[in-house]
Amino acid sequence: MEGMELKPQFDELQKIFDRCIKHACRVLEECIATKTARLDPDQRQEQERLEYNRIADELETIIDVVFLYLDMG
C-alpha cells in the first residue's frame, strides 16, 4: 500500500505527542490545584472552570494552527 512505509514513523510520533500531552495536562492540573488551594469551595469551582475554559481555548487555537499547517503542506 502506498504510504504504509511511513506508518511506523507516524505511530512513533503519535506516542511522543501523547506523552507530551499527558505531561502538559499533569502540569496544568497541578498549577490549577496550587492556584485554588486556598479558595473557598465556590471560588475554587469558579476559578477551575475559568482555567479549564482558558486552556481549552488555547488548545483549540493550537489545533487550528496545526490543521492550517497540514492544509498548506
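**Exercise A: E46 and its partner**

Work out whether E46 is buried or exposed, or somewhere in between, and which residue pairs with E46 in a salt bridge.

Step 1. E46 has a relative accessible area of 36%, which makes this residue partly exposed (buried is under 20%, exposed over 50%, partly exposed in between, with a 1.4 Å probe and protein chains only). A word on the source: this is a predicted model in which local features need pLDDT of at least 70 and side-chain atom pairs count only at pLDDT 80 or more, while totals for chains, interfaces and linings use all residues. Residues are numbered from 1 along each chain as its sequence is written, and side-chain values use heavy atoms, with hydrogens and water left out.

Step 2. The partner is R49, and the closest N and O atoms of this salt bridge are 2.6 Å apart (a side-chain nitrogen of Lys or Arg within 4 Å of a carboxyl oxygen of Asp or Glu).

Step 3. Both residues belong to helix 2 (residues 41–72), and because they are 3 residues apart, about one helical turn separates R49 from E46 (helices are DSSP runs of H or I, at least four residues, and strands are runs of E, at least two, numbered from the N terminus).

Step 4. R49 is partly exposed too, at 41% relative accessibility.

**Exercise B: a pair in helix 1**

Find which residue meets D11 in a salt bridge, and describe the surroundings of the pair.

Step 1. The side chain of D11 meets that of K7, with N to O at 3.0 Å.

Step 2. Helix 1 (residues 7–36) holds both of them, 4 residues apart, about one turn of the helix.

Step 3. D11 is partly exposed at 34%, and K7 is partly exposed at 40%.

**Exercise C: a linked set of charges**

Explain how E51 and R54 are placed, and name the network that they join.

Step 1. E51 and R54 form a salt bridge of 3.1 Å, N to O.

Step 2. They sit 3 residues apart in helix 2, so about one helical turn lies between them.

Step 3. E51 is buried at 8% relative accessible area, whereas R54 is partly exposed at 36%.

Step 4. Salt bridges link K35, E51, R54 and E58 into a network. The structure as a whole holds 5 salt bridges. As a general point, side chains of opposite charge can pair when their charged atoms come close.

**Exercise D: how the helices meet**

Describe how helix 1 and helix 2 are arranged, and which residues make the contact.

Step 1. Their axes come within 10 Å and cross at roughly 150° (axes are lines fitted to C-alpha atoms, for helices over the stretch in contact, with angles from 0 to 180 degrees between N-to-C directions).

Step 2. The two helices are therefore roughly antiparallel (over 145 degrees; under 35 is roughly parallel, 65 to 115 roughly perpendicular, the rest oblique).

Step 3. Helix 1 contributes L28, E29, I32, K35 and T36 to the contact, and helix 2 contributes R44, Q47, E48, E51, Y52 and I55 (contact means heavy atoms within 4.5 Å).

**Exercise E: two residues of helix 1**

Find out what T36 touches, and how far K15 lies from A37.

Step 1. T36, in helix 1, is buried with a relative accessible area of 1%.

Step 2. Leaving aside neighbours within four places in sequence, T36 is in contact with R44, Q47 and E48.

Step 3. K15 also has its place in helix 1 and is partly exposed at 46%.

Step 4. From K15 to A37 there are 22 residues in sequence and 33 Å in space, C-alpha to C-alpha.
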